[in-house]
Structures are given as C-alpha cells and as structure tokens.
Amino acid sequence: MATNAEGTKNEAGRHQEVGHKSLLQSDALYQYILETSVYPREPEPMKELREITAKHPWNLMTTSADEGQFLNMLLKLINAKNTMEIGVYTGYSLLATALALPEDGKILAMDINRENYELGLPVIEKAGVAHKIDFREGPALPVLDLLVEDEKNHGAYDFIFVDADKDNYINYHKRLIELVKVGGVIGYDNTLWNGSVVAPPDAPLRKYVRYYRDFVLELNKALAADPRIEICMLPVGDGITICRRIK
C-alpha cells in the first residue's frame, strides 16, 4: 500500500499526464483541491474515464477533474434537462453532464472525431447514461444552422457547453444565443487560454496557443459587451466563462 507521500506523488504524476489544467500559481494548492474536494467525491465512472483519457496522446484536450465537478454541480443547481455539448473528445465533461441530468434528460453532443468518443463510450454505457446522449459526428455549425432554422428550437436548451475549435467560438455564440432559453446557461471553456490572454505580444508561447489566443480574446471582448447575457469568468481549469441569457 502506498504511503501518503507516494500517493501524492502518484496523483501528481497522473495530473501532469493530462496537462496542467489549472491557472493556480501553486501546484501544491491545486493538488490540495483535487485531493480534498474533487477526487474523494468523483463518481467511479468519471475516475475510470479520466484514467483512460490520461493514456491518450491528446490528453491535454480533456476537461480537468475540478471543472468536471463544477459542471456537474452547476447542472444540478439550474435543474438542467435539455442540454448540448460542442466538443466531446473522450467524453469526460459529457459524462459529468449525463450523470447530473434526470433520467429523461438529453444531451445533443457534437464532435468531429467519433473514435475519441468511442474510447469513453464503454464507461458511459456502464454508468447507465448512454441513452441520454445523441452523438453527432461532424462540424457543429451545420447542425446549429438547422436547429436555428426551426423556431421550435429557439430557447429549447437549458445548458450548452462549448469546448471545441476556438476560431469558431464567435460563430457558435451567434447561433447558441438563439437556442438557449432565457435564464439558461452557456459555458465557454478555455477563455483564459493557458494564461496567454495577458501575455505580452513577444511572449514565448507554444504555436497553437499563440494561434488561438486572438480568437479567445475576441470572444472575451464580445461576451463582455453582449447585452443579452450576464457573464462570470472563472479561473477553473483553463478558464470558463458562464453566460446566463437574460433577453
């Protein structure tokens, strides 16, 4: 049996495998949050999927465990039933959502890569929540355009989570604001983008971070100026902006 020190080391190693998805300056403080609040309450299916995802070469794309816990709590607080997720990857945030919804809850889930989704699907099925998920493979914009065309879909969604191509966030928002109900919530992930939103122009950034930074900055500016929503930007995971539609 591992000692406390060994256990902490093992958890830290696992955390590093999925990328440092916290903006906290102290790794020790983030580890404290995980070990005190997150891991002890993490449902077994989410733990299993997190560990499977940690072995995937693109594991940096996954939702962090503390953000998964936050989403699960938020969905329960707003009594969400009809939801949408754009950007699924292996399904960690999708599973967090499905576990929070009532038995007849629904998630329209979209991703360009079914193979990644199917990596997590056995865990989702074992958890007994696969029937809540309508997975669509392919770009989300054509699906959203079809939904917007039909007025019965306007205001039909209680909650929408976006963790996909940052260069389309603005395009998603133009459509999602019509689909989420007044009083409903849209969550945009990665809105602090590795902290790069405050980096000087000549800062040494990874290529993909630099490429998407301007799109994230554009989104943040647009959300702050949008009179149709109330917003709250939280330093959870890589930054998540919660938007509540008010008109």
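A polar contact here is a pair of N or O atoms within 3.5 Å, where one must be able to donate a hydrogen and the other to accept it. Keep that in mind for one of the stops below. You're looking at a predicted model, so take the tour in that spirit.

**Stop 1: the whole protein.** Show everything as a cartoon. You should find nine helices and seven strands. Of the 247 residues, 48% are buried. If you switch on the surface, the exposed area comes to about 12300 Å², and carbon and sulfur atoms supply 55% of it.

**Stop 2: the sheet.** Now select the strands. The seven strands form an open sheet with mixed pairing, in the order E3-E2-E1-E4-E5-E7-E6. At the edges sit E3 (133-137) and E6 (229-234), each paired on one side only. Neighbouring strands in this sheet are turned by 15° against each other on average, ignoring direction.

Start from the E3 edge. Select 106-111 to bring up strand E2, which runs parallel to E3 and is joined to E3 by five bridges. Pick out Ala109 and you'll see Phe135 of E3 opposite.

**Stop 3: strand E5.** Select residues 180-189. Strand E5 is mostly covered, with seven of its ten residues buried. What flanks E5? On one side, E4 (residues 157-162) pairs with E5 in the parallel sense over five bridges. E7 (residues 240-245) is also joined to E5 by five bridges, but that pair runs antiparallel. For a landmark in each pairing, try Tyr157 opposite Val180, then Val185 opposite Arg244.

Next, trace the chain from E4 through H8 to E5: this β-α-β crossover is right-handed.

**Stop 4: the helices over the sheet.** Select 169-179 for H8. Helix H8 lies across E1 (82-86), E4, E5, E6 and E7, and runs at about 160° to E5. Then add 207-225, helix H9, which lies across E5, E6 and E7 at about 135° to E6.

**Stop 5: His173.** Zoom in on His173, in helix H8. Is His173 buried or exposed? Its relative accessibility is 6%, and buried means under 20%, so His173 counts as buried.

Show side chains, and look for the polar contact between the side chains of His173 and Asp226, at 2.8 Å. Which other residues does His173 touch, leaving aside neighbours within four places in sequence? Select Ile186, Tyr188, Leu223, Arg228 and Ile229, which join Asp226 on that list of contacts.

**Last stop: zoom back out.** Among contacts between residues at least 6 apart in sequence, 67% join residues at least 24 apart.

Technical notes: Residues numbered from 1 in each chain as written. Predicted model: local features only at pLDDT ≥ 70, side-chain atom pairs only at ≥ 80, totals over all residues. Heavy atoms only, no water. Helix = DSSP H or I, 4+ residues; strand = E, 2+ residues; numbered from the N terminus. Buried < 20%, exposed > 50% of the residue type's maximum accessible area, 1.4 Å probe, protein only. Contact = heavy atoms within 4.5 Å. Areas by Shrake-Rupley, 256 points an atom, 1.4 Å probe, with all protein chains shown as cover. Pairing = 2+ DSSP bridges. Right-handed = clockwise from strand over helix to strand, strands pointing away. Axes fitted to C-alpha atoms, helices over the stretch in contact; angles between N-to-C directions.
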